[in-house]
Amino acid sequence: MKKLLLFSLFTLISFKAYAQEDNSDYELRSNEKYGYIIDKNGKKIEGIVRLNGDAMNPWSNQKKVKFVAVPDIDKSKKKQKFKTFDPDDIKEYMTVDDNNNERHFEMIKYTNTKEGFNTATGGLSGNIKSFNNLTKNTQFAEVVKDGKIKVYKLYG
């Protein structure tokens, strides 16, 4: 009886010791979100996407994107080494916004004909600007609606 009482008393008083968990996950910054890129070969690479634009200059997201792949993330460092991709480097990228809505950006070829014809009468610098606007260039355009007809959001 003494042994049973002593054993039950010991189990009530005893405490559990837990090892400290390894919580060394990389902490995302405000402009960094998990997402993926699709390279020119169609290969999907998951990682962290850093958007260049914000509410004041959203057109920066059309020019380039910074990305680090999951295998390249060094969890011990607070700052990661991001690679910069232009629209000529990848086909598309996806990230999420603050409300966890997906944002898809696809590479498109775009010609700004409206600005090209409006600036054609401005002398030498206007003609150069007109030429730049009338030549096709590649940009990332945000996909607003996907379907038979795609709707893009693009800033001039």
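**View 1. I37 and its partners on both sides of strand 1.** I37 is bridged to I45 in strand 2. The model shown here is predicted. On the strand 5 side, I37 stands opposite Y93. Strand 1 covers residues 32-39, and strand 2 covers residues 44-50. Seven bridges hold these two strands together in the antiparallel sense. Strand 1 and strand 5 also run antiparallel, joined by four bridges. One further pair links strand 1 to strand 5: D39 has I90 as its bridge partner. Of the eight residues of strand 1, seven are buried, so this strand is largely enclosed by the rest of the structure.

**View 2. The hairpin of strand 1 and strand 2.** Four residues lie between strand 1 and strand 2 in this hairpin. G42 sits in the turn. Its phi is positive, about 90°.

**View 3. Strand 5 between its two partners.** Strand 5 spans residues 90-96. Five of its seven residues are buried, so strand 5 is largely enclosed by the rest of the structure. Strand 5 pairs with strand 1 through four bridges and with strand 6 through five. Both pairings are antiparallel. Y93 can be followed across the sheet. Its bridge partner in strand 6 is F105, and I37 stands opposite Y93 as well. Strand 5 and strand 6 form a hairpin with five residues between the strands. In that hairpin, N100 takes a positive phi near 60°.

**View 4. Strand 6 against strand 7.** Strand 6 runs from 102 to 110 and strand 7 from 137 to 145. The two pair in the antiparallel sense over six bridges. F105 has E142 as its bridge partner in strand 7. F105 is also the bridge partner of Y93. In a regular strand, side chains alternate between the two faces of the sheet.

**View 5. Q139, a buried residue of strand 7.** Q139 belongs to strand 7. Its relative accessibility is 13%, so Q139 counts as buried; the cut-off is under 20%. The side chain of Q139 makes a polar contact with the side chain of Q62, at 2.8 Å. Beyond its neighbours within four places in sequence, Q139 is in contact with Q62, P87, E106, M107, I108, Y110, L154 and Y155.

**View 6. The largest nonpolar core.** Eleven residues make up this core: I37, V49, L51, V65, F67, A69, F85, I90, Y93, F105 and F140. Strand 3 (65-69) and strand 5 each supply at least two of its residues. Strand 3 gives the largest share, three residues. In soluble globular proteins, nonpolar side chains tend to be buried together. Core member L51 also meets residues outside its own stretch. Apart from neighbours within four places in sequence, L51 is in contact with N31, N61, Y93, T95 and R103.

**View 7. K64, in the loop before strand 3.** K64 lies between helix 2 (60-63) and strand 3. At 36% relative accessible area, K64 is partly exposed. Not counting residues up to four places away in sequence, K64 touches N52, T84, F85, D86 and F140. Two of these names, F85 and F140, also appear in the largest nonpolar core. K64 and P87 are 23 residues apart in sequence, yet their C-alpha atoms are 6.6 Å apart in space. P87 is also among the contacts of Q139.

**View 8. The sheet from edge to edge.** Eight strands form an open sheet, in the order 4-3-2-1-5-6-7-8, with antiparallel pairing. Strand 4 (83-85) and strand 8 (151-153) are the edge strands, and each pairs on one side only. Neighbouring strands are turned by 40° against each other on average, direction ignored.

**View 9. The whole chain, for orientation.** The chain has four helices and eight strands. Along the sequence, they follow the pattern α-β-β-α-β-β-β-β-α-α-β-β. Of the 156 residues, 30% count as buried. Among contacts with a separation of 6 or more, 47% join residues 24 or more positions apart. The accessible surface comes to about 11900 Å², and 54% of that area belongs to carbon and sulfur atoms.

Definitions and conventions. Residues numbered from 1 in each chain as written. Predicted model: local features only at pLDDT ≥ 70, side-chain atom pairs only at ≥ 80, totals over all residues. Heavy atoms only, no water. Pairing = 2+ DSSP bridges. Axes fitted to C-alpha atoms, helices over the stretch in contact; angles between N-to-C directions. Buried < 20%, exposed > 50% of the residue type's maximum accessible area, 1.4 Å probe, protein only. Polar contact = N/O pair within 3.5 Å; in protein donor to acceptor, adjacent residues only side chain to side chain. Contact = heavy atoms within 4.5 Å. Core = buried A, V, L, I, M, F, W, Y, C linked by side-chain atoms within 4.5 Å. Areas by Shrake-Rupley, 256 points an atom, 1.4 Å probe, with all protein chains shown as cover.
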